[in-house]
Each structure stands twice: as structure tokens, then as C-alpha cells.
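Colleague: I have a predicted model open and would like a close look at one part of it. Please start with the fold as a whole and then work inwards.

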Amino acid sequence: MNYFSLVATHSDIDLETVARLSVGASQVASSAIQDSPALTGAVSLATCNRFEIYGEASSEADIEAARSSIIAAISDTSGLPKSKVSGSFTTLTGQDVPRHLFSVSAGLDSAVVGEREIAGQVRRALVESQSTGTASGGLVRLFQAASRTARDVGAQTALGARGRSIVSVALDLAADLSSTRDLAEKSVVVFGTGAYAGATMALLRERGCTDVSVYSPSGRADGFVATRGGTALTDAALPGALTRADVVIGCSGSERRVSAVDMQQLREGVDRTLVIVDLALNHDFDPGVASVENVELITLESVRLAAPEEQAESLRQAGELVSGAAESFQEQVASRSVDAAIVALRKHTQQVLDAEMARVRAQHGCTAAAEEVEFALRRMVRQLLHVPTVRARQLAAEGRQEDYTAALEALYGIEPEDTASPPPEQSCPVHELEARTGTA
């Protein structure tokens, strides 16, 4: 499989740039695929501190053209120059792609190491790509393997037991900065109705907070609170709620940003501390609100700095699980890549066998002698194909599958068809042909 990925995260560039790159993230994959035959599939992963695009090219030689189509699509949707977009991403290819995605899904590349939310975001990224038709079969398998790896890390290491998350660390900081640490006594306003807003509501319930209001710039607050609790806020009710609030948590990332001037006016005459937690990639609050009297601002950078260090042993175990899963996935990909060649060789041999048996039957009819000839020929075919089949698997494991296909073309003139990417629910073409030729 000709995987590659474009990666822009909080570790390499500032969050403002990540936010600008991810504008229109949901449109990037379909736009790039439509504009470039070199790109056969793409999945976009946009979170509060990263924007990554995973692609599959038609061939290894097409990776650069496929990458260029994605860069152009991001430039179109974000309004940034192509040079700026290209320079903001790190490009991964080969075995680095699954290794990185598996690490991301397991929370090892997060601001809060081992965080839980990212695994769900990886799953949703795949689901959304499947619904829009941009996820190729190879990318589906890649993301499914990433989700399995995240579950294994959560179940087999202390990272999962701790249950830390970006939201939980942010709420701890908010409690520390408040006049009292008990969030159950606070009036909280949540901006947004997405994944982080949902996680925030769940954690607020766990901490006994009942006075929660939800504001959605897109008007989805009523449906959101219907299943999660809380009070939906209209545009008219929002100013009053912000005036009364003790904690405000921004998770929407809409284009409507609360300015320092707005907050100054709303909090005029209020002597209680207001803690604003801005978790949105596109900030819900202007950074200048931190200068307003009695207002404390918590950002993703604050969360990253405050995140507890995980035990070295837990990280080592998680790292080994990720590395092992990535290697196993690559071996499976390499093995699958020679299926087309094996199928082509078996088809060629089957055709020769069928032609020879047709001549035997034409000469001897369906007699016992003909049956003995057929039995002998099939046994010979089975023996002849055993070594080439085993050798194909060995070469694939060594990353030399192209040597095998080149040999078939040189010796037999066989050009394998692309049968290496059947959906998981379909039977393997190699096994089907083995059953026909009796060479399993």
C-alpha cells in the first residue's frame, strides 16, 4: 500500500497556524481526490491541537503528486499560500505512517499523554471519511488497526487506568484558579456541541456540577442538552449567563470570538473570579480576555504544561505495543501486496492445466486413464507452485515484492492485476484459487 500522511501538530508549529490550516478540513479529502487521479483515498484528522491528512496513492511514484493535490486543496480552503501550507506539514511515508497514527490514537503524541479523547476522534475521522466516500480500503484497515492498538494500550498499560484527558486536566486547573475548588458549586457555561463539549459535560456531571448552560453558535444546543442535561442558551440569553458564570469552557471553535472588550463590559462590577478554559483550535475567546480584571484564561498550552508526567514504565510498555502493532500491520500489508502476483501465477498455471486436460479428454474421453492423468497433473502443479508461493511471502516480508512481480513478468509475461485490496469481509482470491487447483 502506498500510504503517506501530512502532519501538523502543536509539537512543531503554533496552534494558530494549525487552526488556519484546518479551516474547511472536512472538504479537503474529497476536493483533493476529485482533482488528482494519483490520490485514491484520504482521511482528515482534525483535533484541538493537530491537523493530519492520511492518503493512499495509486503507486509509490504517485505519492508526490497525491501530496501536491492535498496541499492545493488545503490552500484553497484555508486561503494560505501553497508554500506556507507545504512548509507547515511534516510528510511521513512507509512504515512511519502506521507507527505515527497508532501512537496518536493511543494518546502518546498528545498534550496530555495517554488522553482518552483522541481515540474517539480517530474513529470518527474514519467514519466521516467512509460516509463521504473518501476512505480507500487500505486506509480503512489502517485506521481500524490504529483503533485496536489504542484499545490494547488502554487495557494493558497504566495509561488507560489513569483515565487522564485534556478536559480533565483543564477542569483541574479551573478548580485550582477558582475561589473554591468544588466545581459542584459553580455556574458553568459550555461553548459548543462537539466531541470535547460532550466529554466536558460528562466530566462536569462526574464532579457534581449541575448548573451548566450550553451555547451553540450553530444553534444545536437544544438537541445537545436533551441527551446530556444542562440548559440551552440563545443569543439573547448568553450575555447574562456569561455575567453570572464562574467557569466558561470554549469547545466550539466558531468564527464568532468573544473579545476582551465584550468580556470587560459583561464582567463590569462583578468581583468573583471567572475562569475561561479555551479548548477550541479556533479560539472561542480572544487571548486579550486574560487582561480583564478577575478573569483567568486557561489555554491548550496551559494544559500541556500542567499535564502530569506519566511513569516511564507505562510509556515504555505503550511504546512497545505501538511498535509491535505497526510492524505487524506492515507485515500484513506486505503479504497482501503479493496476493495479486500469486493469484496471477495460479491462474496462468490453471489455464495451462485446463488446456492440457481438454486435449487428454478429446483423445481418451472421460476414462479412468484420463482421471489418472488429471490426478497426476494436479499433484505436479501443487508441488511446482509450493516453492514460488512460499518465496513470494518471504520476499514480501523483506520488502522485495516488486522483485517477485518483475520475475513473473520476465519469465511468463504475467502482469498481476490489482487484487491486493479486497474489503475484509470478502474472501481472499489466493484462497479461492488454491481451492480450485488443490494447492493449499
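Colleague: Among contacts in the protein between residues at least 6 apart in sequence, what percentage join residues at least 24 apart? After that, please take me through strand 6 and its surroundings.

Modeller: Happy to! The answer is 73%: that share of the contacts between residues at least 6 apart in sequence joins residues at least 24 apart (contact means heavy atoms within 4.5 Å). As this is a predicted model, local features need pLDDT of at least 70 and side-chain atom pairs pLDDT 80 or more, while totals for chains, interfaces and linings use all residues. Residues are numbered from 1 along each chain as its sequence is written, and side-chain values use heavy atoms, without hydrogens or water.

The protein has 440 residues, and 48% of them count as buried (under 20% relative accessible area, with exposed over 50% and partly exposed in between, for a 1.4 Å probe and protein chains only). Its secondary structure comes to 19 helices and ten strands (DSSP runs numbered from the N terminus, H or I of at least four residues for helices and E of at least two for strands).

Now to your strand. Strand 6 spans residues 211-215, and four of its five residues are buried. It runs parallel to strand 5 (residues 187-191), with five bridges joining the two (two strands pair if DSSP finds at least two bridges between them). Within that pairing, V189 stands opposite S213 of strand 6. Between strand 5 and strand 6 the chain goes through helix 10 (residues 195-206), in a right-handed β-α-β crossover (with the strands pointing away from the viewer, the path from the first strand over the helix to the second runs clockwise).

Strand 6 also runs parallel to strand 7 (residues 231-233), here with three bridges. S213 turns up again, this time opposite T231 in strand 7. Helix 11 (residues 221-228) completes a right-handed β-α-β unit with strands 6 and 7.

Stepping back, these strands belong to an open sheet of six, in the order 7-6-5-8-9-10 and with parallel pairing. Strand 7 and strand 10 (295-298) are the edges, each pairing on one side only. From one strand to the next the twist averages 20°. Helix 10 packs on the sheet against strands 5, 6 and 8 (247-250), its direction making about 160° with that of strand 5 (axes are lines fitted to C-alpha atoms, for helices over the stretch in contact, with angles from 0 to 180 degrees between N-to-C directions). Helix 11 packs there too, touching strands 6 and 7, at about 170° to the direction of strand 7.

Helix 10 has a helical partner as well. Its axis and that of helix 9 (residues 166-177) come within 9 Å and cross at roughly 55°. Helix 9 is therefore oblique to helix 10 (under 35 degrees is roughly parallel, over 145 roughly antiparallel, 65 to 115 roughly perpendicular, and the rest oblique). At their interface, I166, V167, S168 and L171 of helix 9 meet Y196, A199, T200, L203 and L204 of helix 10.
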